[in-house]
Amino acid sequence: MTLRIRGNDYTVLRPPALGSSWTPRLRVSVVIPAYADQAKLDLTLAGLARQTYPADLLEVIVVDNGSEPPLRLPEIRPRDTRLLVCAAPGRARARNTGLAAATGDVIHWMDSDVVPEPEEVEAHMRWHHLAPYLSVTSYLRFTTAPLPGPADVAGAEDLASLFEPAEPHAWIEDLVQRSDGLTRSPRPFSIHIGGASSVSARLFERAGPMDPDMILGQDTEMGYRLAQAGAVFIPDPQARAYHLGPSMRMRDSAPISRVSHALVTDRVPGYRWLRTHPSRQWKVPQVEVLVDATAGSYDDVRATVDGVLAGTVTDLAVVLTGPWDELAPEQRAPLKDPRLDLVLLRAHYTHEGRVRLATAASDTRSPYRLRIPPGWVPEEDSLGRLLDVLRGRERGLVSVLLAEGPEGVTAARLERTEAFSRAALVAEEGEDLDDAVDEMFGTYWVDGETSGFRTAEEAPAYLNPRAAYRKRVQAQAEVERLTKEVERLRGQVTRWRDEATRWRKSAVEFRREIGTLRRQVSALRGQVSALHRARGLRGIARGLSRPFTFKKT
């Protein structure tokens, strides 16, 4: 049974130590696209000539991409080395030429200016013996040291003595460190670099060759497709190599990003922050919606498709499956045509850019696929909420319970493409793919009514874009009005607070004046009392000073 890795947590794998007594059995094809610079190619091949991986399991394919003068194979090289020519310019075309000629179980990309350590190929291959769906990447160090000779590379005990000091591949090492070795990265495919990555040949069968239209960013786009094919990405710090000179990104970071972003955005939905336009379409949509046109009436299918197209998730495409190539519309009695509903659907959606008519479902490059039965209509934000559920814990499947009866369960399904691709690679004969997905990614059920799915008869009318625009303008105007009112009230409150502050200050001053007056009154009362006492004493004194006279009675 093939080992099952959950998400990108490859730590469950236990590769043998380098140099230990393990028995390799897989053949590896090292594909080297090259253009000019014979001296650097000679060093790359000299490094490959001293690999610890068995020579009878190693083939090297050098693809000369139209060099003038033509490249040649040097004396110091691996035993099984071939030189091919691809005159059409472009690294992607050169790699595809080598890929088509490769016979290995594993394809190891290597640039013609990369010199591997002796254990580099072995470090890669020990992983590939554990699972057939891995992509392994070396740690590169970028050197500006003077170029040695091929014999120096072939005979060196330690390449560091030839190429240090050197700089690390900083952004990759930072990404690896921030994501616990990519085990927690939402986009581990970003690490795929063509200069020193290896991939199971079985994955390339599913993902397809390099895209020749990608003049830059080919590695990232290829990594994304490998992810959708089910790949697990492994950075191996023991797989080491030296890059002769700085990378293109080191030399011209801003111009490189400008060009690669323009190309990658159309093909890699994973970089959502690059897709800033709210409604335009892309070559690879974020979601592919699959609807079986034969499973419902024209009205039911149309209600479902139109409901999906009217939702808040606009980065999507609908694939409407049916026997479209078999339709021959009845011209004399169209109402009696047994396939009238299919004829109507084809007529209705042939010119809709976001709807594609297909005879059957096929592999998708979109990261998510929604399967929805005809006659069920999602609310405007239903798909958006399902995507939140699926992304929340990186689940592989969210099923929506729509109805349940004697005939079974009716459900919609939002599937993660990479989860089902990997399940197809590891599932045993007769095993339900959902079980394998649950084991490696997790599955989840939600209630259809709570999630906003209604039957075609119950679904509310949706706003057309202009009505939605008017409501948004009205809402914005109301927000602005309420904002102004809030500001007015805040100003009024501020004035009241200022007035209250003045009142408090006045009250304090009044209290002080009253206190002063009370003290003055108290003092006056004291003086009055003193005067009264003084007058009383004078009266007594006058009385005592008079002589007593006695009257006779």
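Trainee: What makes up the area that the protein exposes?

Mentor: The protein exposes about 29700 Å², by the Shrake-Rupley method with a 1.4 Å probe. Carbon and sulfur atoms supply 53% of that area. The model is predicted: local features need pLDDT of at least 70 and side-chain atom pairs pLDDT 80 or more, whereas totals for chains, interfaces and linings use all residues. Residues are numbered from 1 along each chain as its sequence is written, and side-chain values use heavy atoms, without hydrogens and water.

Trainee: Why is the protein called more spread out than a compact globule?

Mentor: The globule rule, 2.2 Å times the number of residues to the power 0.38, gives 24 Å for 553 residues. The radius of gyration, taken over C-alpha atoms, is 40 Å, well over that value, so the protein is more spread out than a compact globule. The C-alpha atoms fill a box of roughly 165 × 85 × 45 Å along the principal axes.

Trainee: Which residues of helix H6 are called buried?

Mentor: In H6 (residues 170-178), Ile172, Leu175 and Val176 are buried, that is, under 20% relative accessible area with a 1.4 Å probe and protein chains only. Ala170, Gln177 and Arg178 are exposed (over 50%) on the face turned away from the buried side.

Trainee: What do the buried residues of H6 pack against?

Mentor: They pack against strand E6 (134-143) and strand E9 (232-244), where contact means heavy atoms within 4.5 Å.

Key. Helices (H or I, at least four residues) and strands (E, at least two) are DSSP runs, numbered from the N terminus.
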